[in-house]
Amino acid sequence: MTIFQRIIDREIPADIVYEDDDVLAFRDVNPVAPVHVLVIPKRAIVNLASSAPADDALLGRLLAACRTVAQLCGVAETGYRVVTNIGGDGGQSVFHLHLHVIGGRQLRWPPG
Ligand code: AMP
């Protein structure tokens, strides 16, 4: 079980900013910007690479939740980044699919 599953199950606390039937969004414990929120499906999927066509509607809901989170956190107008890390080279450390919503400062590209 991942630490994100334990957050979904309310076994450990999180600073939740958005929730619906399928999605949970909470602040990253180690933020890289003033706004850094993780958007996750409540149903466990390891990452984008391991998702299936049957998950496509859920993937769309995750992206829509990122848009809502950006509005709730006040960065919809100033700009922000949505990123998902996949596997070893992608830098994924928690193996429960999550989208990072990062904003509140000028972001650089490429991220390195
Ligand atoms: P990734 O490297 O894409 O797998 O990102 C995992 C993210 O989860 C990192 O940015 C961590 O800071 C974050 N994280 C790990 N544990 C927690 C937690 N208990 N609550 C909130 N964020 C967490």
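**Exercise 1.** Which element supplies the largest share of the shell around the ligand in this predicted model?

*Solution.* Begin with the elements that each supply at least two residues of the shell, which are α1 (3-8) and β2 (23-27). The largest share, three residues, comes from α1. As for the chemical character of the shell, its residues divide into seven nonpolar, seven polar and two charged.

**Exercise 2.** Locate the ligand, and describe its polar contacts and its cover by the protein.

*Solution.* Start with the site: the ligand sits in the largest pocket, and of the 16 residues around the ligand, those that come nearest are Asp28, Asn85, Ser93, His98 and His100. Next, take the contacts, for which the cut-off is a pair of N or O atoms within 3.5 Å. A ligand oxygen atom lies 2.8 Å from an N or O atom in the side chain of His98, while a backbone N or O atom of Val94 is found 3.0 Å from an oxygen atom of the ligand. A nitrogen atom of the ligand, in turn, is 3.1 Å from a polar backbone atom of Val29. Finally, of the 500 Å² of accessible area that the ligand has on its own, the protein covers 81%.

**Exercise 3.** Find how many aromatic pairs the whole structure holds, and classify what is found.

*Solution.* The search of the whole structure yields one aromatic pair. The ring centres of Phe4 and Phe26 are 5.4 Å apart and their planes stand at 75 degrees; planes over 60 degrees apart count as edge-to-face, so the pair belongs to that class. As a last step, place the partners along the chain: Phe4 in helix α1 and Phe26 in strand β2 are 22 residues apart, and the pair thus links distant parts of the chain.

Methods
Residues numbered from 1 in each chain as written. Predicted model: local features only at pLDDT ≥ 70, side-chain atom pairs only at ≥ 80, totals over all residues. Heavy atoms only, no water. Near = heavy atom within 4 Å. Polar contact = N/O pair within 3.5 Å; in protein donor to acceptor, adjacent residues only side chain to side chain. Areas by Shrake-Rupley, 256 points an atom, 1.4 Å probe, with all protein chains shown as cover. 1 Å grid on protein atoms, 1.4 Å probe; cavity = no way out; pocket = protein on both sides within 12 Å on 5 of 7 lines; lining within 4 Å. Sits in = over half its atoms within 2 Å of the grid points. Helix = DSSP H or I, 4+ residues; strand = E, 2+ residues; numbered from the N terminus. Nonpolar A, V, L, I, M, F, W, Y, C, P; charged D, E, K, R; others polar. Phe/Tyr/Trp six-rings, centres within 6.5 Å; stacked < 30°, edge-to-face > 60°.
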